[in-house]
Amino acid sequence: MTEPVNETHRAIEAVWRIESARLIGGLVRIVRDVGLAEDLAQDALVAALEQWPESGVPRNPGAWLMSTARRRAIDHFRHRGMADQKHEQLGREFDESQPDTAESLVGDMDDDISDDLLRLLFIACHPVLSIEARVALTLRLLGGLTTTEIARAFLVPEPTIAQRIVRAKRTLAEARVPYEVPRGADRAARITSVLGVIYLVFNEGYSATAGDDWMRPALCEDALRLGRILAGLAPDEAEVHGLVALMEIQASRSRARVGPGGEPILLMDQDRARWDRLLIGRGLTALARAEAIGGSLGPYALQAAIAACHARALRPEDTDWPRIVALYDALSELTPSPVIELNRAVAISMADGPAAGLDVVASLVDEPSLRGYHLLPAVRGDLLVKLGRLGEARSEFERAAFLTQNTRERHLLLERAAACQQS
Amino acid sequence: MRVMVMVKATADSEAGKMPTEQLLSDMMAFNEQLVKAGIMLAGDGLHPSSKGKRVRFSGSKRTVIDGPFTETKELIAGYWIWQVHSMDEAIEWVKRCPNPMETVSEIEIRPFFEADDFGAEFTPELRAKEERLRAEAAALAR
């Protein structure tokens with residue numbers, strides 16, 4: 001995309017962000033090919049960049065882009081000399097939207113938009129793609145981010161992202177991934193994949209795994225936006241609301257979890273006055289929606305319920321730790337994982353004392369999947385400090401500092417190690 | 001970024017004239033679009049200023065003033081809070097809003113302060129104080 005040089009270009013960029021997902025979704029329905037649909041949408045964008053500075057931004061920019069892209073689609077198939085059948089089908093799609101006025105086009109589109117977006121999201125998060133490809137494609141097609149923006153957000157060279165997207169589109173075409181909203185047994189697994197992608201984007205923003213910044217808030221906002229969009233598209237899926245609740249509540253703490261020097265501040269030490277009450281309110285509402293759908297809570301809703309326990313406590317000492325332990329028990333049963341077990345250990349230490357927590361942690365020390373995980377020694381160190389075993393705590397903190405990839409976090413851990421020595 | 005989008009009052013809105021059914025349904029459709037796009041965090045309409053009060057501060061003195069207030073164009077009739085990527089995106093969305101009034105009207109977009117915007121003026125002491133106040137406000141709001 002061209003750098004915006006004036007007001008119209010900036011307006012076009014904003015229009016693109018608003019319209020691109022609907023545009024591409026609508027085009028995929030017609031041409032049944034994600035790569036081609038995106039090319040056509042880009043062509044329409046280029047046409048807008050050429051024409052709007054002269055003609056002004058049309059009253060209904062989305063409809064303008066759509067009808068331009070559809071015209072390009074017809075040209076494309078004519079040039080390619082596609083089989084008559086395909087051509088005819090496309091002609092029909094086009095006729096159905098006559099007369100070609102902005103209003104009728106929008107009315108025509110509105111009914112299909114939800115389905116188009118949902119299908120596009122399912123395609124972008126299709127299991128045939130690698131996780132990295134799903135993330136890049138989702139941000140690009142649904143989030144309206146440019147390749148440059150995605151590359152910057154993930155601290156990856158731009159050509160890498162561009163290549164990832166090209167390959168992903170090729171893979172989708174070669175695998176002949178059907179353009180549909182999955183139903184039945186397949187649906188749950190596919191929803192899980194979509195939720196996984198959105199939460200990965202959120203986490204990449206929330207606790208940057210590499211680099212000097214502890215947070216990259218723009219990615220959190222993109223993930224939240226995708227989650228809220230999905231909640232509108234699939235309102236009957238409890239876990240969608242569960243994930244939205246989890247992200248809203250976690251995001252509510254973003255102002256409180258970084259100190260003035262950029263250093264991370266842990267949950268129990270955060271100034272809760274800095275938590276965003278608006279996002280907490282939205283999170284609790286989303287959690288209530290997930291609970292109202294019925295059935296037992298899924299992993300995202302359970303994590304959201306845990307986050308909600310913290311959000312409801314105005315002071316750390318008000319935290320309902322026994323309830324958090326119970327929620328971790330349920331989570332651990334549903335999706336057994338050493339990381340959840342580690343969190344459960346922390347909750348137990350808060351409910352029943354550090355010694356009880358340390359017992360659970362002890363059972364995790366030989367866990368192979370936690371061998372390189374810095375939070376295991378960090379938690380051990382924390383519990384050992386509380387038990388007054390400072391010498392042992394110090395070596396745990398040092399070990400954790402050695403293992404973490406995050407510069408700021410390493411600094412914090414080394415400080416804690418040094419504090420053990422001084423005492 | 002977060003913006004507050006304010007619908008300015010008009011003589012009609014101040015007179016308590018209710019919007020037409022058509023406008024209400026257009027506005028509802030617009031709100032639905034905002035929610036579907038994942039940008040709307042909050043929003044509501046406000047009663048005319050005749051139901052409002054003002055508290056005037058002068059040194060240590062506090063004077064309560066009853067509405068209605070006269071400078072109609074400076075009053076607001078409703079607001080949204082949106083999470084958008086840029087001011088340009090907010091402008092594009094506002095352009096799509098149905099005209100909220102039957103007469104000429106305005107919608108104003110104002111970005112929220114982020115803590116960093118305060119710079120050196122906002123000392124750690126001030127910050128701590130402001131946060132304590134917010135905590136108390138939050139506690140009361142529960």
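Select B:Pro68 first, in the loop between β4 (61-66) and β5 of chain B. The model on display is predicted. A cis peptide bond joins B:Gly67 to B:Pro68, with omega at about 0 degrees. For background, most peptide bonds are trans.

**The sheet of chain B**

From this loop, continue into β5 of chain B and colour the strands. Chain B holds 4 helices and 6 strands. Read from the N terminus, its elements follow the sequence β-α-α-β-β-β-β-α-β-α.

Next, display the open sheet of 4 strands, whose order is β2-β5-β1-β6 in chain B, with antiparallel pairing. The edges are occupied by β2 (40-45) and β6 (107-111) of chain B; each has a single partner strand, so one side of each is left without a neighbour in the sheet. From one strand to the next, the twist averages 15 degrees.

Now restrict the view to β1 (residues 2-8) and β5 (residues 76-83) of chain B. These two strands run antiparallel and are joined by 7 bridges. Which residue in β5(B) stands opposite B:Met4? Selecting B:Ile81 shows the residue in question.

Before leaving the chain, colour chain B by burial. Of its 142 residues, 18% count as buried. Among contacts in chain B with a separation of 6 or more, 74% are between residues 24 or more positions apart.

**Where chain B touches chain A**

Display both chains and select the residues in contact across them. On the chain B side there are 22 residues, and they are in contact with 22 residues of chain A. The elements of chain B that give two or more residues to its side are α2 (21-36), β2, β5, α3 (87-95) and α4 (124-141). The largest share, 6 residues, comes from α4(B). Coloured by class, the side of chain B that touches chain A divides into 11 nonpolar, 4 polar and 7 charged residues.

**The nonpolar core**

In soluble globular proteins, nonpolar side chains tend to be buried together. To follow this theme here, select the largest nonpolar core, which has 133 residues. The residues with the most contacts inside this core are A:Leu27, A:Leu120, A:Leu121, A:Ile198, A:Ala304 and B:Trp82. The element that gives the most to the core is α1(A), with 13 residues.

Centre the view on A:Ile198. Leaving aside neighbours within four places in sequence, A:Ile198 is in contact with A:Ala223, A:Leu226, A:Gly227 and A:Leu243.

**Two crossing helices in chain A**

Zoom out to the whole of chain A, which has 19 helices and 0 strands. Of its 423 residues, 43% are buried. Among its contacts between residues at least 6 apart in sequence, 61% join residues at least 24 apart.

Select α6 (residues 131-141) and α9 (residues 184-206) of chain A. At what angle do their axes cross? The axes come within 10 Å and cross at roughly 80 degrees. That makes α6(A) roughly perpendicular to α9(A).

Show the side chains where these helices meet. From α6(A), select A:Ile131, A:Arg134, A:Val135, A:Thr138 and A:Leu139; from α9(A), select A:Val197, A:Leu200 and A:Val201. By class, this contact has 6 nonpolar, 1 polar and 1 charged residues.

**Residues to inspect individually in chain A**

Most residues other than glycine have a negative phi. Two residues of chain A merit a look with that in mind.

Select A:Arg32, in the loop between α1 (7-31) and α2 (34-55) of chain A. Although A:Arg32 is not a glycine, its phi is positive, at about 55 degrees. Is A:Arg32 buried or partly exposed? With 15 C-beta neighbours inside 10 Å, A:Arg32 counts as partly exposed.

Move next to A:Leu155, in the loop between α7 (147-153) and α8 (158-174) of chain A. A:Leu155 is not a glycine either, and has a positive phi of about 55 degrees. A:Leu155 has 14 C-beta neighbours inside 10 Å, and therefore counts as partly exposed.

Finish at A:Ser67, in helix α3 (residues 61-80) of chain A. A:Ser67 has 18 other C-beta atoms within 10 Å; a residue needs 20 or more to be buried, so A:Ser67 is partly exposed. For a last distance, select A:Leu23 as well: A:Ser67 and A:Leu23 lie 44 residues apart along the chain, and their C-alpha atoms are separated by 9.7 Å.

Key
Residues are numbered from 1 along each chain as its sequence is written. Chains are lettered from A and ligands numbered from 1 in the order in which they are written. This is a predicted model: local features need pLDDT of at least 70, side-chain atom pairs count only at pLDDT 80 or more; totals for chains, interfaces and linings use all residues. Two strands pair if DSSP finds at least two bridges between them. Axes are lines fitted to C-alpha atoms, for helices over the stretch in contact, and angles run from 0 to 180 degrees between N-to-C directions. A residue is buried if 20 or more other C-beta atoms lie within 10 Å of its own, exposed if 12 or fewer, and partly exposed in between; C-beta atoms are placed from the backbone. Two residues are in contact if their C-beta atoms, placed from the backbone, lie within 7 Å. Ala, Val, Leu, Ile, Met, Phe, Trp, Tyr, Cys and Pro count as nonpolar, Asp, Glu, Lys and Arg as charged, and the others, Gly among them, as polar. A nonpolar core is a set of buried Ala, Val, Leu, Ile, Met, Phe, Trp, Tyr and Cys residues joined through C-beta atoms within 7 Å. Angles under 35 degrees count as roughly parallel, over 145 as roughly antiparallel, 65 to 115 as roughly perpendicular and the rest as oblique.
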